[in-house]
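Me: Could you walk me through this fold, one question at a time?

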Amino acid sequence: MIQLTKLNRTPFSINAIYIERLEATPDTVVTLVSGKKIHVLESVEEVTDKVTAFYQKVNLLTSLKEPNLEE
């Protein structure tokens, strides 16, 4: 789960796995796989960072670096 903030400043948690798309219109719009859209205060970059951190935490995304094949 990641923590985001609605435009009315209400914090909420969302399962990052259900995020399909992020758009800046100029507000950040989070579109879920269900088609539901949620406008949030965080920037697209902030949401992306939170999603990446979540994926790393649950081992769905280990490292963005190239593996060292010489080891």
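**Threonine 28 and the rest**

Reply: Let's start with one contact: the side chain of threonine 28 comes within 2.6 Å of the backbone oxygen of glutamate 42. That is a polar contact, defined as N or O atoms within 3.5 Å, where within protein one must be able to donate a hydrogen and the other to accept it, and where residues adjacent in sequence count only if both atoms are side-chain atoms. Keep in mind that this is a predicted model, where local features need pLDDT of at least 70 and side-chain atom pairs count only at pLDDT 80 or more, while totals for chains, interfaces and linings use all residues. Residues are numbered from 1 along each chain as its sequence is written, and side-chain values use heavy atoms, with hydrogens and water left out.

Me: Is threonine 28 buried or exposed?

Reply: Buried means under 20% relative accessible area, exposed over 50%, and partly exposed in between, using a 1.4 Å probe and protein chains only. Threonine 28 sits in strand β4. Its relative accessibility is 4%, so threonine 28 is buried.

Me: In what order do the elements run from the N terminus?

Reply: Helices (H or I, at least four residues) and strands (E, at least two) are DSSP runs, numbered from the N terminus. The chain has one helix and five strands. Reading from the N terminus, the order is β-β-β-β-β-α.

Me: Which element gives the most to the largest nonpolar core?

Reply: A nonpolar core is a set of buried Ala, Val, Leu, Ile, Met, Phe, Trp, Tyr and Cys residues joined through side-chain atoms within 4.5 Å. The largest one has 13 residues, and Ile2, Leu4, Ile14 and Val40 touch the most other members. At least two residues each come from β1 (2-5), β2 (11-14), β4 (28-32), β5 (37-40) and α1 (44-57). The top contributor, with three residues, is α1.

Me: Which residue of α1 does leucine 4 touch, besides Lys50?

Reply: Contact here means heavy atoms within 4.5 Å. Skipping neighbours within four places in sequence, leucine 4 is in contact with Thr10, Pro11, Phe12, Ile14, Val30, Val40 and Glu42, plus Lys50 and Val47.

Me: What is the angle between the planes of phenylalanine 54 and tyrosine 55?

Reply: Rings of Phe, Tyr and Trp (its six-membered ring) pair if their centres lie within 6.5 Å; planes under 30 degrees apart are stacked, over 60 edge-to-face, and the rest tilted. By that rule there is one aromatic pair. Phenylalanine 54 is buried at 11% relative accessibility, while tyrosine 55 is partly exposed at 24%. Their rings are 6.0 Å apart centre to centre and tilted, with the planes at 50°.

Me: Where is the cis peptide bond?

Reply: Most residues other than glycine have a negative phi, and most peptide bonds are trans. Here, omega is about -5° at the cis bond. Proline 26, in the loop between β3 (19-24) and β4, is one partner, and the bond joins proline 26 to threonine 25.

Me: How far apart in space are leucine 41 and arginine 9?

Reply: Arginine 9 lies in the loop between β1 and β2, and has a positive phi of about 70° although it is not a glycine. Leucine 41 is in the loop between β5 and α1, and touches Thr5, Lys6, Leu7 and Arg9, leaving out residues up to four places away in sequence. The two are 32 residues apart in sequence, but C-alpha to C-alpha they are separated by 7.6 Å.
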